[in-house]
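Work through these exercises with the model open beside you. Try each task before reading its solution.

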Amino acid sequence: MPRPTTVHVCSACGHSSARWHGRCPGCEAWNTLVEERAPTPAARAARARLGGGAAPARPVLLADVSAARFPRLQTGIGELDRVLGGGLVPGSLVLLGGSPGIGKSTLTNMALGNLAAAGRRTLYVSGEESAAQIRLRAERLMPSRGAGGALSVPVIAETDLDTVLATLEAERPEVCVIDSVQSLHDAQLSGAPGSVGQVREVAGRIMRVAKAAQIAVILVGHVTKEGALAGPRVLEHLVDCVAQFEGERERTYRTLRALKNRFGSTNEAGVFEMRDSGLVEVLDASARFVDEATGKPGSVVLAAMEGTRPLLVEVQALVSPSELVPPRRVVNGLDRNRLALVLAVLGRHAGVGVGSADVFVNVVGGVRVEEPGADLAIALAVASAARGVALGGAQGAGPVACFGELGLTGELRSTAHPDRRLSEAAKFGLRDVVTPQSAPTLRQALRAVLRRAGEAERAAA
Ligand SMILES: Nc1ncnc2c1ncn2[C@@H]1O[C@H](COP(=O)(O)OP(=O)(O)OP(=O)(O)O)[C@@H](O)[C@H]1O
Ligand SMILES: [Mg+2]
């Protein structure tokens with residue numbers, strides 16, 4: 001049998017070359033050559049004929065397509081099921097990304113444990129840990145459920161793709177976790193495990209088996225320092241759902257967010273807390289964050305939307321005089337560019353200039369908020385910090401809450417679901433809520449909260 005050969009194909013211009021080059025000889029782009037399997041001589045000969053010699057396909061009317069509705073597989077972790085759009089879809093591919101140590105293996109182990117306990121056929125493929133390590137974690141995760149759940153998940157510790165695929169075909173699990181896609185390798189490609197060519201080939205071949213055998217596969221993927229899923233973006237196009245597990249390792253809160261979902265909304269997010277016994281769903285996240293809100297100068301509560309669910313989080317700011325040119329702008333849990341925009345609008349339209357001060361803005365609890373409704377919270381927190389005034393409203397009204405998008409001319413724009421945000425704030429006793437409806441411009445919003453803060457201060461004195 002002839003040895004299968006590989007070619008290196010430029011992902012920008014399609015130039016192919018037998019050897020790897022750092023710079024594509026075709027288009028002179030750097031680092032674009034990716035190793036792929038070379039087509040066999042028979043395939044090449046067939047392609048030379050018109051239409052590759054393939055028989056034409058027969059289109060069918062959508063009305064005639066039989067679409068069996070498979071029930072979704074519930075992982076038993078409510079937050080995970082919600083992010084997936086109501087559970088795992090049989091035959092679908094989910095890419096679960098996250099930085100090292102964030103809890104990807106923990107989450108997938110727990111999900112498989114629950115599925116096994118519910119009588120589903122499962123398989124856990126680990127290319128990173130030994131079976132013994134996985135057992136130790138399973139024991140830690142489910143001490144009370146013992147053999148019922150986590151310990152009844154079949155595992156293989158394997159990095160060879162062909163062996164994994166053969167096992168999948170033989171075992172035919174309903175749900176399989178591949179931990180991680182970067183650790184598997186296709187022996188016919190010379191690239192190291194985790195290289196672009198390898199990851200693409202591994203994911204592509206797993207997908208074919210998964211679709212054919214109706215296996216729901218969760219591919220665990222590492223995330224690079226910059227926050228992108230390591231490996232090619234093409235992986236994100238290939239899979240049905242991309243879920244990102246994020247948060248800071250030192251903090252206890254983690255959020256799971258769908259970046260892409262062919263079977264559900266991409267707005268959903270789940271909040272978890274990392275404990276000794278594993279990841280615990282945080283169902284009362286708002287209550288915790290509101291309880292922890294300090295109410296000091298620089299603090300404000302943001303009534304955010306995490307998908308279809310409202311979430312109250314505390315946004316804190318610190319403004320400190322600086323000699324640095326340009327001064328520092330540090331932001332945690334929010335978009336850096338939004339901070340720059342908000343600071344510019346604050347200076348231009350609300351008379352709060354922070355041009356010669358370092359500005360730090362932080363969402364407490366390691367949560368990430370990625371919605372324009374956070375603008376007003378950033379603005380109020382920075383203004384409160386710059387003026388040194390606590391925004392506590394009237395007696396018994398609790399900390400000030402807010403939401404709203406900031407326009408470049410200083411106006412406040414409404415954001416999605418104002419009623420749900422308001423009722424969430426009311427639920428947790430926050431009566432002083434600044435919204436685009438209550439204050440049409442940033443200047444008015446600021447004046448209102450500062451006036452109430454002044455009244456509260458005088459009343460206290
Ligand atoms: N005994 C323990 N008690 C409490 N928490 C623990 C314990 N052991 C591990 N953890 C937590 O679990 C995390 C690691 O979880 P896990 O192995 O699921 O992460 P991962 O995302 O799969 O990491 P990797 O990228 O290394 O595969 C640690 O960062 C730590 O927070
Ligand atoms: Mg892991």
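**Exercise 1: The ligand site**

An oxygen atom of ligand 1 sits 2.6 Å from an N or O atom in the side chain of S105. This is a predicted model: local features need pLDDT of at least 70, side-chain atom pairs count only at pLDDT 80 or more, and totals for chains, interfaces and linings use all residues. Residues are numbered from 1 along each chain as its sequence is written, chains are lettered from A and ligands numbered from 1 in the order in which they are written, and side-chain values use heavy atoms, with hydrogens and water left out.

Task: find which backbone atoms lie 2.8 Å and 3.3 Å from an oxygen atom of ligand 1, then describe the shell.

Solution.

1. Apply the cut-off: a polar contact is a pair of N or O atoms within 3.5 Å; within protein, one must be able to donate a hydrogen and the other to accept it, and residues adjacent in sequence count only if both atoms are side-chain atoms.
2. A backbone N or O atom of K104 gives the 2.8 Å distance. For I102, a backbone N or O atom gives 3.3 Å.
3. Take the cover next. Alone, ligand 1 exposes 650 Å², and the protein buries 67% of that (Shrake-Rupley method, 1.4 Å probe).
4. List the shell, with near meaning a heavy atom within 4 Å. It has 13 residues, of which G101, K104, S105, T106 and D276 come nearest.
5. Sort the shell by class: three nonpolar, five polar and five charged. Here Ala, Val, Leu, Ile, Met, Phe, Trp, Tyr, Cys and Pro are nonpolar, Asp, Glu, Lys and Arg charged, and the others, Gly among them, polar.

**Exercise 2: The cysteines**

Task: how many disulfides does a search of the whole structure find?

Solution.

1. Set the test: two cysteine sulfur atoms within 2.5 Å.
2. The search finds zero.
3. Check C10. The nearest cysteine sulfur, that of C24, is 3.7 Å away, and C10 is in no disulfide.
4. Add accessibility. C10 counts as buried (under 20% relative accessible area, 1.4 Å probe, protein chains only) at 3%. C27 is partly exposed (20% to 50%) at 33%.

**Exercise 3: A loop serine**

Task: is S183 buried or exposed, and what is it in contact with?

Solution.

1. Locate S183: the loop between β7 (175-179) and α6 (196-213).
2. Read its accessible area: 12%, so S183 is buried.
3. Look at its side chain. A polar atom there lies 2.7 Å from the backbone oxygen of S180.
4. Leave aside neighbours within four places in sequence. S183 is then in contact (heavy atoms within 4.5 Å) with G127, E128, T159 and P193.

Key: Helix = DSSP H or I, 4+ residues; strand = E, 2+ residues; numbered from the N terminus.
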